[in-house]
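Student: Could you take a close look at one chain for me and walk me through how it is built? I'd like the overall fold rather than single side chains.

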Amino acid sequence: METSKFYNWVKEYGWRHLIALMFVTFAIYPILFVATNSIADFANLTNSKLIPDGLTLKHYKLLSSDPLVPYFKWLYNTYKVALIAAFFNVFLGTLAAYAFSRLQFKGRRASLLTLVIVQMFPSFLAFVAIYLLFFQISDIAPFMGLGTHIGLILVYLGGSIGFNSWLIKGFMDTISPSLDEAAKVDGATDFQIFRRIIAPLSRPILVVIFVITFIGIYSDFILAAIFLKDKNLWTVAVGINTVFIDDFNADWGVIAASSVIAATPIAVLFIFFQKQITGGLTAGSVKG
Amino acid sequence: MIYLSMTLSKIFKYTLLAIFNALIVYAVPLALTFESWFFLSLILVIGILVNIVYFTDRFQPMKWILPGMIFMLSFVVFPAVYNTYVSFTNWSTGHILTKTQAIGVLEDRVFTPDDQKGLEFEMYILQDIDLNFYYVANLDSENILFGKAVSDNEIFSTSYATHEPSLFIDGEFSTPDGYYQLSGKEQIANSTTLQELSLVIDKNTRAQLYKISVFGASTGRLTSTSQLYTYDEMNDALFNNATNTLCPVVKDNFECEGKEIEPGWRVYVGGENYSKLFSSQRIRGPLGVVTKWTFQFALLSVIFSFAVGLLLSMILNKDGLKFQRIYRAVFILPYAIPAFVSALVWKGLLNPDYGVINSWLGPLYEMLDIEPVKWLKTKESARSAVLLVNTWLGFPYMFLITTGALQSIPKELIEAAKVDGATGIQSFWRITFPLLMVSISPLLIGSFAFNFNNFTLIFLLSGGGPPIIGSEVSVGWTDILISFTYKLAISGGRGNLFGLASSVTIIIFALVLIISAISFRYTKRLERIYGNI
C-alpha cells in the first residue's frame, strides 16, 4: 500500500522534481560559484567547493585599492552614463509620445510606421559609421567626440527613443481622452495638459521604460568598447573584460568580487520589475 | 502670475534656441575646414529644422517630436546612410585622411641633404642625474648654445637651445651645477647613442656631434633640414626635393618611382569592397563560414533555449506541485544577470586547464579514457560552448513566455482530448504545441533576430576564436557577422578596414530586413501595429 502510494507520487510529482532540480543546478551553479568565490579565503577557478573553508572580504577590499584597476571609477562612469542617457531618453520619448497620442497632424501614421521600421535595426549595427562620425566630431567639437562620455550618451539617446516613444504612446492611448478634453474646455494649453494630466498618469509606464533603458545601457558592451579608449573613462562592461583573465595566476577572488558588484544591482532591479519587463512590454525583443 | 510664467518660459525657450544656433554657427566653418561634407549637411538640416519649427507656429506637433527625432536622425538613421557611403570608399588604415589633410602631413616631412657640410665648432657633452644628455655648442661668443640632446622623433616637440654665456669663464668651459661632463673616452663608449642625438637650434637647423676627441673638446657640425615634399597643384603631384622627382597620384596615394607614399587618402572606390568580399577567395571563404554559422548559432540558440524553457514550464504546469515558486525564482536568475558578466564567468568555468567544468568532467574523461575537451580552443568545442552558454542565458526568457502561454490555453481542450482517448503525448503535439506556437512564434523570431547580432556573448566568451587558419583577414570559427565586422574595423590586427567592414554591415542590414519582413508576414504584428495607429 505504502509503496504504491510512493509510486504514484513519483509518477505524478517525483520525476518533475527530479528534472526541475537538475535545471536548478544548471541555472544556479555559476552564480553560486562566483558568489562564494568572492568571499572565499582561497579562491581559484578549480575550486569546485561551493561552501568555502574560510570567509573574508579581502577581495572586495583589494578591488577598491588597486590603482591599476579603477573599478569603482568604472562603476561610477557606468551609472552616470546610464542614468543620464536613460533619463533624457524617457523624457524626449514622452514628449514625442504625447504628440503621437494626442495631437492630430498629417503624416502621423507614416511617422509612427517609420519609427517601427527604424527600430528593427539595432543602432549598434552601424557602429563603424558611428565610430567614424565621432572620429570627425572629435576634430570639430572635442568635448563630445570619440572617447568622451557626452558622445556616448548622445549615441545611447538615439538608440531606443523610437521604441520607447512607441511604448509610451501605447500607454497614453489608454488614458481616457475625456480628461484632457475637459481641461481644454477650461482653457488649458497643450503643455499644461501634458504636464498636469498626461505625464503624471503615465508615471507607471515611464518608470518601467526608464528601468528597461537603464539596464540596456548598463549592459551595453560594443558601443562603449569602441567609444572609450581612456581607462579612467571606461564603463564596467569594458573594464571588467580586462580584469577577467582565466589564468591560473589570476586572482579569481577579485574577479568574482567584481562580478558580484557589477551584477547584483541589475539583478535586483530586474527581479523587482520582472513582470512588467517581460509582460508583453518587450514583446518581440529580448533584453540585451 | 500666469503672464510672468509665460514670459519666463519664453525667455527660457529663446535662450535655448540662441545657444543652439550659436553651436551651429560655430560648427559650420569647422566642418568646412575638415571637409566633412556629410557632417556639414547633417548640421545644416538639423539647424534649419529646429529654427523653422520653433520660430513659427505652423508645426505645433513637431515641437514635441523634434528633440527626440533629432537624436534618432543623427545617431540611428544618419549612421545607417553614412555606413552605406563608407562601404563605397577605401577608408582604412593609411587612407584615413582627406587628400588635403594627407598633403598637409606630407609637406611637414623633412630630410637632411647629403651635401650639407656645415660649420664646425667645439662641442661639450653633459649628463644630468637622470642620465639625459645635454649639448653645449660653442659657435661663437654670441652663440653659446645649450640644450637637451634629443632623438629624431622628439625634434618637433622639444624646445630650442638657449644662449648661455655664463658657461664660459675666461674662455674656459666650466661644468654647470647638477651636470656631469663626459670625457672623451666616455663619449666613445656612448658613441652609438650620441650619434642619434641632436641639439635643436631652430626649425630647420640642428647641431650634431661630428668628431669625438679624446683630448680637449669634441667637434660638432650644423646640419639643416629641408622640406621633403612640395605639392605641385598644377600637375596634382608631389615633388620630392631629395631626389628631385615628381610623384604622381595613383588612385589614392602619391607614388614615387613606383613606391607608394604613406599616408594616402580616402576616395570613392565604387563596388570594390563588395567585389572583394565575393571574389577574393581568402575573404569569401571565411565570410561564407561566418554567415552560415551566424544562422546556425541564432537558430540553434533559439531551439535549445526554447526546448529547455518549454520543458521546464510543462513540468511546473501541474497543480499541487510543491516548491513551484522557488523553482520559478531560480529559473529566472540567469536572465537577471547582465550578459557581459555571465559570459566572462562562463569563460572562466570553461577554462580547459583550470576551469571547474573540466575538473568536474575529469572522472568521466578517465572512465572513457579520452583526452579532456579543450573548451574554446577547438572549432567544435568552442561552438558547443557558445551554444551551451547561450542556452543558459536564454532559457529563462523562454520559460517565462511559455509559462504565460501555457496558462492561457483552456484546460477544457486537453480534458476533451483525454475523453476522446488521446494520450498525453498526442494531446501535447496536436493541441498544446500548435496553440503555443501561435502566440509565441513572433517572440521566437524576435529572439532569433537578437541572437543574430549577439555580439556581447561571442566577443566576451570566445572572442570569435579559435582562428580560421589561412584567411586574409582575422576571423575565427565562432565569429558571427557582427563580430567579424568588429574585427575588420577595430581590432583585427590588420589595421582598420572601415570600408570593407561597412560592406559587411550592409549585408547584415539586408539580412535583418529579410528576417523582419518574414516576422511581419507570418505574424499578426503588422496588423497590431496598424490597429495601434
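Tutor: Here is a walk through chain A, with chain B brought in afterwards as a second picture. Keep in mind that this is a predicted model.

Let's start with secondary structure. Chain A has 13 helices and zero strands. Read from the N terminus, the elements go α-α-α-α-α-α-α-α-α-α-α-α-α. The radius of gyration of chain A comes out at 25 Å, while the globule rule gives 19 Å for 288 residues; the value is well over the rule, so chain A is more spread out than a compact globule. For the actual extents, the C-alpha trace of chain A spans about 70 × 70 × 30 Å along its principal axes. As for packing, 43% of the 288 residues of chain A count as buried. Then there's the contact pattern: take the contacts in chain A between residues at least 6 apart in sequence, and 72% of them join residues at least 24 apart.

Now chain B, for context. Chain B has 18 helices and 17 strands. Its radius of gyration is 35 Å, well over the 24 Å that the globule rule gives for 533 residues, so chain B is also more spread out than a compact globule. Along the principal axes, the C-alpha atoms of chain B fill a box of roughly 120 × 80 × 55 Å. Of the 533 residues in chain B, 34% count as buried. And with the contacts in chain B between residues at least 6 apart in sequence, 58% join residues at least 24 apart.

Key:
Residues are numbered from 1 along each chain as its sequence is written. Chains are lettered from A and ligands numbered from 1 in the order in which they are written. Helices (H or I, at least four residues) and strands (E, at least two) are DSSP runs, numbered from the N terminus. The radius of gyration is taken over C-alpha atoms; the globule rule is 2.2 Å times the number of residues to the power 0.38. A residue is buried if 20 or more other C-beta atoms lie within 10 Å of its own, exposed if 12 or fewer, and partly exposed in between; C-beta atoms are placed from the backbone. Two residues are in contact if their C-beta atoms, placed from the backbone, lie within 7 Å.
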